[in-house]
Amino acid sequence: MRRTQVAIVGAGPSGLLLSQLLALSGVESIVLERSTREHVAGRIRAGVLEPGTVELLEEAGVGERMRRERLVHRGFRLAFDGGIVRVDLARHTGSTVSVYGQTEITRDLIETRAAAGADVRFEAEDVSIQDLGGAPRVRFRRQGRVEEIACDFIAGCDGYHGVCRRSVPSGTLRTFERAHPFAWLGVLADVPPAADELIYASHERGFALCSMRSESRSRYYLQCGSTERAEQWTDERFWDELRLRLPPEVARNLSVGPSLEKSVVPLRSFVAEPMRVGRLFLVGDAAHVVPPAGAKGLNLAAADVRVLYRALAEYYRTGRTELIEGYSERCLARVWKAVRFSWWFTAATHVLEDDDFNRRMQLAELRYLTGSAAALSSLAENYVGLPFAAA
Ligand code: APR
Ligand code: PHB
């Protein structure tokens, strides 16, 4: 039977980045991914990187194209009440964020792993975890054949719908969940962005976000009903609704064009505790999901990977298990703060219910926020990413 040190389930950003950082630390892994390479490389996801994520990508040796192509943003805008206010991240935190799509990061990681001759197996079906409490193995089917890999550890990097979290014996994990009663409808288009920074717009028709991937490619989102389907929205309807939710001067200058992609993203807050069960680690979306306002999903996944690869590297170098044992606690402390921030930012900017009192409270929150240096500083500190605990 094939053996490896770490079997990684899932080749999203978590799984790929983990395998890359482990390889640089001399730890061997095999990655098993259900989808095709093309599907994984083509998925459109968020695109705002905290400085800590940028550093980790550089540490992993996949920062070169990002450094060249990213857009460095020193702030973002909040639009409400017909006006627009700038949140100066650089002034409040001394930091900036980088706009670089998750799609590009995934592509860079896949190419780097492939060039290194890494064992990344796409189209691995029916992945299952065997003997988690003893000598763990991962079983899967590929090209019609059932195979097994024996390993020391399993990293569940298989996202919210993955198999790893579901393989944990019942009663072991405690989960916390809030499904938000609305979704985001996203559109990608080859048009110049509405502004040089992101605009988060809170409007009584619903939230809207103007984001971007480059100077010629934009990403827009509209708050929509959680049961709506992308096919219900023609491009024209999307652009018309977006204009209605933006301040007039932004709406007037909006460049529109045919959509390259249109999809509905559900909004969910979810955490599973603990993030380690014996030799199985849950990483990224497999362990926690946040609503996308604030763009924390990918950054949290990267933070988990940072803690995990160091813990495993330390174990293989010295035999010490303290960092492995501390993985869950260390990750969760920061995860919950990001869940809080994403939940709060969502609640402050989205139409929650048709309730006048709620709307007044929201406006008061936004007016207070944008009029107080202390509140702006708190928003900025969370947006650029809270510090990592000392290792
Ligand atoms: N077997 C093998 N692979 C699986 C299985 C399975 N049973 N189930 C899911 N996968 C794969 C998916 O096809 C996907 O490629 O696991 C991968 C999980 O990737 P992501 O969902 O992107 O999760 P993660 O790598 O943790 O990245 C977190 O992605 O979802 C966004 O907002 C999130 O930005 C965050 C980031
Ligand atoms: C995106 O560009 O997809 C994006 C940006 C910022 C967010 C969420 C998504 O808060």
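A residue is called buried here when its relative accessible area is under 20%, exposed when it is over 50%, and partly exposed in between. The exercises below concern a predicted model, and they use these classes throughout.

**Exercise 1. Describe the overall build of the chain, and determine how its radius of gyration relates to the globule rule.**

Solution. Begin with the secondary structure, in which 12 helices and 19 strands are found. The radius of gyration is 21 Å, close to the 21 Å that the globule rule gives for 391 residues, and the chain is therefore as compact as a globular protein of that length. Next take the extent of the C-alpha trace, which spans about 65 × 40 × 40 Å along its principal axes. Turning to burial, 54% of the 391 residues are buried, while the chain exposes about 17100 Å², of which carbon and sulfur atoms supply 48%. Finally, among contacts with a separation of 6 or more, 71% are made by residues 24 or more positions apart.

**Exercise 2. Find which residues touch the most other members of the largest nonpolar core, and which helix gives the most to this core.**

Solution. The largest nonpolar core has 67 residues, and Leu17 and Leu18 touch the most other members. Helix α9 (residues 297-318) gives the most to this core, with 9 residues. To see the surroundings of one of these leucines, set aside residues up to four places away in sequence; leucine 17 then touches Leu56, Leu57, Ala60, Leu109, Ala302 and Val305. Another core, of 33 residues, lies apart from the largest one and includes Trp184, Leu267, Ala295 and Leu363.

**Exercise 3. Classify the ring pairs of tyrosine 160 with phenylalanine 270 and of tyrosine 200 with tyrosine 383, and say where their members lie.**

Solution. The structure holds 20 aromatic pairs. In the pair of tyrosine 160 and phenylalanine 270, the ring centres are 5.1 Å apart and the planes meet at 85 degrees; an angle over 60 degrees counts as edge-to-face, and this pair is accordingly edge-to-face. Tyrosine 160 belongs to the loop between β11 (145-156) and β12 (174-189), whereas phenylalanine 270 belongs to strand β16 (residues 259-273), so the pair ties together parts that are 110 residues apart in sequence. Tyrosine 160 has 17% relative accessibility and counts as buried, as does phenylalanine 270, at 3%.

The pair of tyrosine 200 and tyrosine 383 is also edge-to-face, with 6.0 Å centre to centre and 90 degrees between the planes. Here too distant parts of the chain are linked, since tyrosine 200 is in strand β13 (residues 199-201) and tyrosine 383 is in helix α12 (residues 373-383), 183 residues apart. Both tyrosines, 200 and 383, are buried. They also belong to a cluster linked by ring pairs, whose other members are Phe76, Trp184, Phe207, Tyr221, Phe341, Trp344 and Phe345.

**Exercise 4. State which rings lie beneath arginine 237 and arginine 279.**

Solution. For arginine 237, the charged end sits over the ring of tryptophan 233, at 3.6 Å from its centre. For arginine 279, the ring is that of phenylalanine 153, with a distance of 5.2 Å from the ring centre.

**Exercise 5. Identify the backbone features at proline 274, glutamate 123 and alanine 295, and place each of these residues.**

Solution. As background, most residues other than glycine have a negative phi, and most peptide bonds are trans. Glutamate 273 and proline 274 are joined by a cis peptide bond, with omega at about -10 degrees, and proline 274 lies in the loop between β16 and β17 (276-277). Glutamate 123 is not a glycine, yet has a positive phi of about 55 degrees; its place is the loop between β8 (119-121) and β9 (125-130). With a relative accessible area of 45%, glutamate 123 is partly exposed. Alanine 295 likewise has a positive phi, near 55 degrees, and is found in the loop between β19 (288-289) and α9. Alanine 295, however, is buried, with a relative accessible area of 10%.

**Exercise 6. Is phenylalanine 388 buried or partly exposed, and which residues does it touch?**

Solution. Phenylalanine 388 is located in the segment after α12. Its relative accessibility is 27%, and it therefore counts as partly exposed. Not counting residues up to four places away in sequence, phenylalanine 388 touches Gly52, Ala303, Arg306 and Arg334.

How values were computed. Residues are numbered from 1 along each chain as its sequence is written. Chains are lettered from A and ligands numbered from 1 in the order in which they are written. This is a predicted model: local features need pLDDT of at least 70, side-chain atom pairs count only at pLDDT 80 or more; totals for chains, interfaces and linings use all residues. Side-chain values use heavy atoms; hydrogens and water are left out. Rings of Phe, Tyr and Trp (its six-membered ring) pair if their centres lie within 6.5 Å; planes under 30 degrees apart count as stacked, over 60 as edge-to-face and the rest as tilted. Helices (H or I, at least four residues) and strands (E, at least two) are DSSP runs, numbered from the N terminus. Buried means under 20% relative accessible area, exposed over 50%, partly exposed in between (1.4 Å probe, protein chains only). A charge sits over a ring if NZ of Lys or CZ of Arg is within 6 Å of the ring centre and within 35 degrees of the ring normal. Contact means heavy atoms within 4.5 Å. The radius of gyration is taken over C-alpha atoms; the globule rule is 2.2 Å times the number of residues to the power 0.38. Accessible areas come from the Shrake-Rupley method with a 1.4 Å probe; for residues, only the protein chains shown count as cover. A nonpolar core is a set of buried Ala, Val, Leu, Ile, Met, Phe, Trp, Tyr and Cys residues joined through side-chain atoms within 4.5 Å.
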